[in-house]
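Visitor: I would like a close look at a single part of this model. Please keep it plain.

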Amino acid sequence: MPFMKGKAPIRRTLQYLQSSRLVLRERVKVVTVNYNTIGDHHKGAQEFVFWHLSQLQYKNPQIQVATFKNITPSPFIRVFLDDGGDVLMDVDSKSRSDIHDHFRKVFCKSDTKLAEEERERQSRDNPANFGWGCDRQCICEVPGQVPCPGVVPVPKLMRGKYKYGKVLD
Amino acid sequence: MISARHNIISLGCGARLWYPVNEATLSLAGSQTVRWRKPRWVPVAKSKMFKIPPRTITPKEEVVEITRLFNMYRTQMRAVRRHLWEESLRRADTSELSMQQAAEDEAEHQQILEYNHQENLRVAALREERVRKEFEANLARVEASKEKLAKQALEAQEKALHLITETQALVKTFIKREDLEEAIETAIANPIDYNFVIDQEGHIFRGCNTKPESIPEEDREKLLSVAQER
């Protein structure tokens, strides 16, 4: 593992981040976790934040994720939706896996939905496209098309500066 | 004067144009109109006045072919456009399917909120239980500490009393100034012998002149062990 920084550097690996299934639903905009750094009934929340918060942010880069420490007697997760309302999730004395499962069930897209979206994304990718994000960068790469004008200059009759008039010095 | 067709005109900034432009339209900024047109009050040229434009005649077969191709093209374009329009209708926000989808999403959302609410209640019950237990434990702890303190206070009091009585008893043995000479005389008359001897069985024989053999077995003083004394 390169750059093994921090307590559990596996949390910084791509494989770990990509393997998570915490993709939030479209309604969710802000995720807030309130917990204390010491306390038995906060242990589950502490571990959830330690292990899963980075995964959550990786999968949802446009969502705001915030933590508030040592201001609450009992831990909870508050999620703000796009209509302005919020949903409260009590995690007092719950274990990390319990919190993870409950969170996934309530706020994240289900497995079926994710599979559906994956299928849609694949079908929308037209293999005939070229450009950024496609197989071919430019149409000049395709055999049978006009070669790249950067390599072979295009004939003068096809160039705009000769067709539509050019200022001669 | 109107300039000839193929004259090359130079502009103020030094660049030259190869297409004809009316001199009057050139400006200082270098921009000019492209097209030269006769002024509207000038009549039609003599050479063009009675000119009859030729009517283009396309052969019948060509017309038929062009019509056929055009119809094919129009049909295809219309089909594509119609297909896209129908798809947009299908995917519109107000279409039946989307409304259904929206209703389903809403129902799912409510269901999930309900589930969350139930979970919260369950956890709240557990939390109340825990808090209650902690509170009771706290009370018990406070009680215990109070008892301990009370006991300690009692013991301290007892110890103090004990000390006082001992001192009182001790005070009685003090020698007063008037009895000083008497006390000295009694002390001189009764010297205390601090010498003693201990044997391996634990018998103690007091006095420097006592012989251990002279005291019979039964009268021998047994020395109590340190632990017993304490």
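How many disulfides does the count come to over all chains?

Guide: The count comes to 0 disulfides over all chains, a disulfide being a pair of cysteine sulfur atoms within 2.5 Å. This is a predicted model, in which local features need pLDDT of at least 70 and side-chain atom pairs count only at pLDDT 80 or more, while totals for chains, interfaces and linings use all residues. Residues are numbered from 1 along each chain as its sequence is written, chains are lettered from A and ligands numbered from 1 in the order in which they are written, and side-chain values use heavy atoms, with hydrogens and water left out.

The cysteines of chain A show the rule at work. The sulfur of A:C140 has its closest cysteine sulfur in A:C138, and because that distance is 3.4 Å, it is too far for a bond. For A:C148, the nearest cysteine sulfur is that of A:C140, 4.0 Å away, and A:C148 is in no disulfide. A:C148 is partly exposed, at 30% relative accessibility; buried means under 20% relative accessible area, exposed over 50%, and partly exposed in between, with a 1.4 Å probe and protein chains only.

The setting for these cysteines is a chain of 169 residues, of which 33% count as buried. Chain A has 5 helices and 4 strands, in the order α-β-α-β-β-β-α-α-α from the N terminus. Helices (H or I, at least four residues) and strands (E, at least two) are DSSP runs, numbered from the N terminus.

In chain B, 9% of the 230 residues are buried. Chain B holds 4 helices and 5 strands, and from the N terminus its elements run β-β-α-α-α-β-β-β-α.

Chain B also carries a patch of positive charge on the surface, where B:R35, B:R37, B:K38, B:K48 and B:K51 gather. Patch residues have over 30% relative accessible area and no salt bridge, with like charges joined within 9 Å and nonpolar side chains (Val, Leu, Ile, Met, Phe, Trp, Tyr) within 5 Å. A salt bridge is a side-chain nitrogen of Lys or Arg within 4 Å of a carboxyl oxygen of Asp or Glu. One of the patch residues, B:R37, lies in the loop between strand 2 (16-17) and helix 1 (60-91) of chain B, and B:R37 is exposed at 60% relative accessible area.

A nonpolar surface patch is formed by B:I175, B:L180, B:I184 and B:I188, with about 400 Å² of accessible area together, by the Shrake-Rupley method with a 1.4 Å probe. Within this patch, B:I184 belongs to helix 3 (residues 180-189) of chain B and is partly exposed, with a relative accessible area of 43%.

Methods:
Lys and Arg count as positive and Asp and Glu as negative; His and the chain ends are not counted. The place of a charge is taken as NZ of Lys, CZ of Arg, CG of Asp or CD of Glu.
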